[in-house]
Amino acid sequence: MRIAHLNLVVWLLLWPWCAWSGLPENAQGTGEHAEQWQPDPMHEYWDPGTYHRPEAERVEGVFKGEACLECHAVVTPGIVKEWKESRHAQTEKIVLCPACHGEDHQKLTFPTPKSCGDCHPERLAQVEEEKKYGFPSHALAMERAVDSKHFADKPKAEVAACLQCHSVATKCDSCHTRHRFDPAEARRPEACLTCHSGPPHPDDVAYFSSAHGQRYLKEGTNWAWNKSLRKGNYEIPTCAYCHMKDGNHQVADKAVWKFGIREVNPKTAENEIKRKRWSETCADCHPPETAEGFFKALDDERHGAWQQLYGVERLLKGLRGDGLLRPSAQERPPYPMDWMARLLPRERIGFYEGQASAFYNVGAIERNYFDLWYFSNLGAYKGMAHGAQEMSNRYHKRMDSEVLAITRAAEQLRNSTDTSKGRIDLKPLWLEGEYTRFNRDHN
Amino acid sequence: MRIAHLNLVVWLLLWPWCAWSGLPENAQGTGEHAEQWQPDPMHEYWDPGTYHRPEAERVEGVFKGEACLECHAVVTPGIVKEWKESRHAQTEKIVLCPACHGEDHQKLTFPTPKSCGDCHPERLAQVEEEKKYGFPSHALAMERAVDSKHFADKPKAEVAACLQCHSVATKCDSCHTRHRFDPAEARRPEACLTCHSGPPHPDDVAYFSSAHGQRYLKEGTNWAWNKSLRKGNYEIPTCAYCHMKDGNHQVADKAVWKFGIREVNPKTAENEIKRKRWSETCADCHPPETAEGFFKALDDERHGAWQQLYGVERLLKGLRGDGLLRPSAQERPPYPMDWMARLLPRERIGFYEGQASAFYNVGAIERNYFDLWYFSNLGAYKGMAHGAQEMSNRYHKRMDSEVLAITRAAEQLRNSTDTSKGRIDLKPLWLEGEYTRFNRDHN
Amino acid sequence: MRIAHLNLVVWLLLWPWCAWSGLPENAQGTGEHAEQWQPDPMHEYWDPGTYHRPEAERVEGVFKGEACLECHAVVTPGIVKEWKESRHAQTEKIVLCPACHGEDHQKLTFPTPKSCGDCHPERLAQVEEEKKYGFPSHALAMERAVDSKHFADKPKAEVAACLQCHSVATKCDSCHTRHRFDPAEARRPEACLTCHSGPPHPDDVAYFSSAHGQRYLKEGTNWAWNKSLRKGNYEIPTCAYCHMKDGNHQVADKAVWKFGIREVNPKTAENEIKRKRWSETCADCHPPETAEGFFKALDDERHGAWQQLYGVERLLKGLRGDGLLRPSAQERPPYPMDWMARLLPRERIGFYEGQASAFYNVGAIERNYFDLWYFSNLGAYKGMAHGAQEMSNRYHKRMDSEVLAITRAAEQLRNSTDTSKGRIDLKPLWLEGEYTRFNRDHN
């Protein structure tokens, strides 16, 4: 073992915060809208292929794997222990630290899907195949969450939070965590639910509220997780059992309603093919009639939900037509890069008019519609889609309340129209004020 | 083994969605209000005794149990494996598939509580005994959720969701799931919490927030669940340990506050007897003074909560008296079958005036009262009743906020009374409009 | 074994609720504000050192430990079984029942931190050491939740709920539950999360939403919990691993942002020292750059959140300046013991003006600010601080909605100012009415 400066190790342990080695202050974003945002230090972890900059480390030298292990067994024993339990340590052709991180401690690298794919090409190909199904998908998760038009309009704190999960596209240890990278871990629902939780994708609640999830909670600890995700290996399905059948790392080919964010025709030829794939999956345990009954219940639930949403959209468009929505398009900044919208501002209501995140800089009634659509509506969908009807019910109750509240707020807006009383000047929230500036400055 | 058409099995796997064999399109509801609603396909699973219609299956023939197993070990291996682990497969008098489903594949049946009761008469008698305690109870759960006056007024999506759990009255595998039917499974809290979750019955949060539930989460995996629910067998109670003491399938005889949906006098002779039963249950681990302290804390909490609720009810009745609640009784449809209400419409506020679900077609302030009463209030109750005081606190904070919001909304309604400004026409939501029509058409 | 009256034991089991032996009806609170509140029966369990009054028990006699065990193995077998599994039963110098409860069944005592400290002086000293770091801390949790100025203004139901958890200061079995008192139990996250859950401290959601927590959920059942909380013993951290490193029972010396309830300068000399302690803890598994990246993300998130909060505070102060906040200071009761405030009433907005719980008797817009600050803001903080960025995101979305709602409500207040329409008389909620009286009477 060769360590250039042993005292540096001691210093590393005692003063580890002194030697900041992250992204430079003036780092730039990448992609089409690169000028609109700036990466923060965590970006080099969330998207190492794009943002990691190897830097002078405190420890100098070139190390083969055994030397790495010897030192790190003391410095960071947990990850060494995990690696020893991993298949990487137990195959004939042992995979040591430098295979992923390089040998030069001054030029350490972080693995990317591409570098993992050097040894696991089939898995990488499956992930890449998702792209032909469009978004939402794992493969496109990162580029949609960073270099996307509407993300430039979101408060920085929310964008930063999005990245941790959306990094599923740019590194592989979201599901198989460091340094054991265990398929058995990734088969368990928690591997998915770290990210698939919270609005607008409360899949954790949906799964655990279902009879499937409850059986998992009761017995899952004792299941044989080393078994592959094939028919007969598991008595109760998990996320991966259904969505990554037979271990397929492409999760997009059965999505009929996708994330539930827009109404679809569930009976198109393409969706019939997807539904057939579902039916075959359910048939591992259930007669086809049961699956059909659930599909129909889901279609009905979705249709009903969208009738409610359309009603509220009409209400808002009516208010807009009468000039009652504030801030109006003129008061609100367009996307920073949207010169057409700057010249010809127009109101955009709802997902269909193309400005999902205009909801971050709007009046209360429009934001309430956003919450209704994006949180309650999607919760209702997720519940019904996973056989958690109580959960769906719960979110429908919330939708009912929210529809009533928006309706009443609309009535108040109309009733107070022709008053001549001075309005409070709310500009600070909008076109030029500090809220807008704060978000923009930090993007 | 005799399979009529082997190619049908293949076809079944490849095209399972083609052969829909559920309820006929024109199926009728049952019971007093049968004309007001129509069962959907899932009804034959939720209430097989009433709605299951044996139909021509793709596989023809009459099969003894061994033949069923041979084929289904390939077609649906999970349920066969579960059955083999069940006591049904391990008793001297083995219980094979036809015992529950019949032998003729063209006339398959689903078991009901009554058919399960043929072999388990004591358990069935215990469930039936609940009926003398009235609602809420497992035994009456289904008929109150389907053929009930106020359910005809609820949006279809919510009624559909209610049924999955309320089917506890009409089939036995809600708690002992197919096809292992394991008492050990039903003893675990998740068996109950699949249904007992979400508003208005967040028993999952209540239990897991309590010290009891946290001990279960820490250690429950290793407990001896094959042991019966008797004193000394468990160090920490679960739902069933307290509510189904000694395995008694009658869960209604200790309910003092019932679901918390109305104020009761906790000191009636009947409630003193129920409280005594609780005290005896708590005494398996705690001195009686501890139980008494908790009872008193619960009574106090309930009394305080009802004072808040009564205050808001008075506020709403005041608004009604002054004609400020919209939609008024005249604008809102009565229950479809309520001819008296159609002739003499009257406002009904709160549970006490008898129209729990009028809250689905009311103004925002009345709906807010419903949320306050049915969701926040019951959450506060459930928390306190299960020793989860932090949870109770949390819901009381919500109640505080909601009382303030309703009070302020009432003030606004009064302030804007005598304005002559045109109101927005909100009829579409109410008496004749599409919201009403949509719900009614789908019931 | 000597039991004075065996029939009393039988009677105890049959009529346990008859012999109430709690605090006397006229028991007094303690401390500076003792006259403002009255303990309820549960106080003798939550704070036995102060409120437990040994009383005549139904069983008379003086018992050595073996006699206690013999009888209680029948009466309350669970706790005897737990004790037998405890280290108390397995050390050379066995710790029998009387060591904690005394020998005289007429004068039973409950252990306090001080009495536990007789055998565990190092642990007691660690807890006591917290006091030098101020509040929040375990050591000061109880006195701040009972004998505190602003608690006298809270509804009784909420104060009662606070005590169960705040009793962590006044008894030791909050984390090591009776009667096994197992360090292994206290190392598991649920030991902490029984209390650290719900607003304003949703640490349960924060931990379980993080990658750390999800690994625990997947594998924790099989970890070697008998191992101490030292580097290398656990692959994944739990609450106690980081916050009680090496088993230190002092949990306050790393708190930079404390509970997140006010903005701090994270770069003071003191906070740099605390941050160094964190960095060293993270370094058990992560390179220091990763920890630094997370610290920076947290500082940024906090700064952004406080900008939003300050904006709303300014809005409210503007309304107050123009006399638009109701109830005004004159309409609202001061703290009952605050004679200065009674003579010179003044509005207090937000934490900084010193009346945290004035939010229990205020107008809706002030309460909404409280919810924004104390619930959503702290949820956003807890998420970011625990690496649960999705959770932080979720709460930031809630903050956005709430800021908009408050802003709109402020606009409405201004618009309706100069109307001459009669306001609804809302006095009952405030200075003299029943809501105020109810809360005060029950404190």
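Modeller: Contact here means heavy atoms within 4.5 Å. The model is a predicted one.

Biologist: What covers the buried residues of α14(C)?

Modeller: The cover comes from two chains. From chain A it includes α5 (77–85), α11 (183–187) and α12 (189–193), and from chain C it includes α12 (189–193) and α13 (203–209).

Biologist: Which residues of helix α14 of chain C are the buried ones?

Modeller: In α14 (residues 211–219), they are C:Gly213, C:Gln214, C:Arg215, C:Tyr216, C:Lys218 and C:Glu219. They are called buried because the term asks for under 20% relative accessible area.

Biologist: How much of chain A counts as buried?

Modeller: Of its 443 residues, 56% do. The secondary structure of chain A consists of 21 helices and zero strands. Among contacts in chain A with a separation of 6 or more, 62% are between residues 24 or more positions apart.

Biologist: Now the interfaces. How many residues of chain B are in contact with chain A?

Modeller: There are 66 of them, set against 56 residues of chain A. Between them the two chains bury about 5300 Å², with 56% of that on carbon and sulfur atoms.

Biologist: What makes the pair B:Arg180 and A:Glu235 a salt bridge?

Modeller: Their side chains come to 3.5 Å, N to O. The rule asks for a Lys or Arg side-chain nitrogen within 4 Å of a carboxyl oxygen of Asp or Glu, so the pair qualifies. Across the interface of chain B and chain A the rule finds five salt bridges. A separate count gives 14 residue pairs in polar contact between these chains, both residues at pLDDT 80 or more. The side of chain B that touches chain A divides into 36 nonpolar, 13 polar and 17 charged residues.

Biologist: How many residues of chain B are in contact with chain C?

Modeller: Here 56 residues of chain B are in contact with 66 residues of chain C. The area buried between chain B and chain C is about 5300 Å², and carbon and sulfur atoms give 56% of it.

Biologist: How do you know that B:Arg215 and C:Glu82 form a salt bridge?

Modeller: The distance between their side chains is 2.2 Å, N to O. The cut-off is 4 Å and the pair is an Arg with a Glu, so the term applies. Five salt bridges are found across the interface of chain B and chain C. There are also 14 residue pairs in polar contact there, both at pLDDT 80 or more.

Biologist: Which helices of chain B each supply at least two residues of the side that touches chain C?

Modeller: They are α14 (211–219), α16 (269–282), α17 (288–321) and α20 (389–415). The largest share, 16 residues, comes from α20(B). By residue kind, the side of chain B that touches chain C divides into 11 nonpolar, 24 polar and 21 charged.

Biologist: Next, the cysteines. Why is A:Cys97 not in a disulfide?

Modeller: The closest cysteine sulfur, in A:Cys68, is 4.3 Å from the sulfur of A:Cys97, and this is too far for a bond. The cut-off is 2.5 Å, so the pair fails. Over all chains the count of disulfides is zero. B:Cys162 is in no disulfide either, with the nearest cysteine sulfur, that of B:Cys165, 8.7 Å away.

Biologist: Why is B:Cys162 called buried, and why is A:Cys97 called partly exposed?

Modeller: The relative accessible area of B:Cys162 is 8%. Buried means under 20%, so the word fits B:Cys162. A:Cys97 has 23%. Partly exposed runs between buried and exposed, and exposed means over 50%, so A:Cys97 is partly exposed.

Biologist: What is notable about the backbone at B:Phe135 and B:Pro136?

Modeller: A cis peptide bond joins them, with omega about 0 degrees. B:Pro136 is in the loop between α8 (121–129) and α9 (141–146) of chain B. In chain C, a cis peptide bond with omega about 0 degrees joins C:Phe135 and C:Pro136.

Biologist: What is the phi of A:Phe181, and what makes this residue partly exposed?

Modeller: Its phi is positive, about 50 degrees, although A:Phe181 is not a glycine. It sits in the loop between α10 (156–166) and α11 of chain A. Its relative accessible area is 27%, above the 20% limit for buried and below the 50% limit for exposed, so it is partly exposed.

Biologist: Where does B:Asp246 lie?

Modeller: B:Asp246 is in the loop between α15 (239–243) and α16 of chain B. Its phi is also positive, about 60 degrees, and it is not a glycine. With a relative accessible area of 38%, B:Asp246 is partly exposed.

Conventions: Residues are numbered from 1 along each chain as its sequence is written. Chains are lettered from A and ligands numbered from 1 in the order in which they are written. This is a predicted model: local features need pLDDT of at least 70, side-chain atom pairs count only at pLDDT 80 or more; totals for chains, interfaces and linings use all residues. Side-chain values use heavy atoms; hydrogens and water are left out. Buried area is the accessible area (1.4 Å probe) that two parts lose on being put together, summed over both. A polar contact is a pair of N or O atoms within 3.5 Å; within protein, one must be able to donate a hydrogen and the other to accept it, and residues adjacent in sequence count only if both atoms are side-chain atoms. Ala, Val, Leu, Ile, Met, Phe, Trp, Tyr, Cys and Pro count as nonpolar, Asp, Glu, Lys and Arg as charged, and the others, Gly among them, as polar. Buried means under 20% relative accessible area, exposed over 50%, partly exposed in between (1.4 Å probe, protein chains only). Helices (H or I, at least four residues) and strands (E, at least two) are DSSP runs, numbered from the N terminus.
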